[in-house]
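Colleague: I am new to this one. Show it to me, and let me ask how you know what you say.

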Amino acid sequence: MKLKRRHIVLGILGLFLLIGFSTQLFSNFWGLLIGNGYIIPNQSSIFTFQAIKMNKGSGDYWLYGEDQKYYYTTLEKDHPEPYAFITKEKAKSIKNFDKTNFETW
């Protein structure tokens with residue numbers, strides 16, 4: 001009985017580690033835990049959002065990020081959310097688009 005419970009616990013731990021390391025879960029969780037102003041966009045998730053350019057100053061927050069559908073930035077201020085976003089599909093049609101320069105969006 002104890003051996004069976006141990007296998008179940010190890011299996012759950014292994015699954016958690018597999019999911020954590022094969023997705024953005026651990027890095028996003030760490031950013032949320034220690035980052036001042038670190039957010040996960042509503043259109044994304046803690047599993048899929050990836051910060052691609054971080055602030056170099058005193059705050060641990062992202063300036064640019066992406067997931068499967070969108071590019072995000074926290075630098076563009078004329079937006080109702082604390083970030084702006086554009087679909088990757090729309091970005092393909094913009095000449096000279098740069099995912100780390102919101103002025104090209």
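Modeller: Start with overall size, and bear in mind that the model is predicted. The protein chain has a radius of gyration of 18 Å, whereas a compact globule of 105 residues would have one near 13 Å. The C-alpha trace spans about 60 × 35 × 20 Å along its principal axes.

Colleague: What elements does the protein chain hold, and how do they run from the N terminus on?

Modeller: The protein chain has 3 helices and 4 strands. They run α-α-β-β-β-β-α.

Colleague: What makes strand 1 and strand 4 edge strands?

Modeller: Look at the sheet. It is open, with 4 strands in the order 1-2-3-4 and antiparallel pairing. Strand 1 (50-54) and strand 4 (84-87) each have a single partner strand, so one side of each lacks a neighbour in the sheet. From one strand to the next, the twist averages 20°.

Colleague: How do you know that strand 3 and strand 4 pair?

Modeller: Pairing takes at least two bridges. Strand 3 (residues 70-73) and strand 4 have 4 bridges, so by that rule they pair, in the antiparallel sense. Thr 73 stands opposite Ala 84 in strand 4.

Colleague: Why are Leu 25, Asn 28 and Gly 31 said to line one face of helix 2?

Modeller: These three residues of helix 2 (residues 25-34) are buried, and buried means under 20% relative accessible area. Seen down the helix axis, the buried residues fall within an arc of 135°, so they line one face. An α-helix has 3.6 residues a turn, so residues three or four places apart point the same way.

Colleague: Which exposed residues does the face turned away from the buried side of helix 2 carry?

Modeller: That face carries Trp 30 and Leu 33. Exposed means over 50% relative accessible area.

Colleague: What makes the group with Tyr 38 and Ile 40 a nonpolar core?

Modeller: A nonpolar core needs buried residues of listed nonpolar types, joined through side-chain atoms within 4.5 Å. The largest such core has 7 residues: Tyr 38, Ile 40, Phe 49, Trp 62, Tyr 70, Tyr 72 and Tyr 83. Over the whole protein chain, buried residues make up 26% of the 105 residues.

Colleague: Which residues is Tyr 83 in contact with, leaving aside its neighbours within four places in sequence?

Modeller: Contact means heavy atoms within 4.5 Å. With those neighbours left aside, Tyr 83 is in contact with Ile 39, Pro 41, Asn 42, Gln 43, Trp 62, Tyr 72, Thr 73 and Thr 74.

Conventions. Residues numbered from 1 in each chain as written. Predicted model: local features only at pLDDT ≥ 70, side-chain atom pairs only at ≥ 80, totals over all residues. Heavy atoms only, no water. Helix = DSSP H or I, 4+ residues; strand = E, 2+ residues; numbered from the N terminus. Axes fitted to C-alpha atoms, helices over the stretch in contact; angles between N-to-C directions. Buried < 20%, exposed > 50% of the residue type's maximum accessible area, 1.4 Å probe, protein only. Arc of directions from axis to C-beta. Rg over C-alpha atoms; globule rule 2.2 N^0.38 Å.
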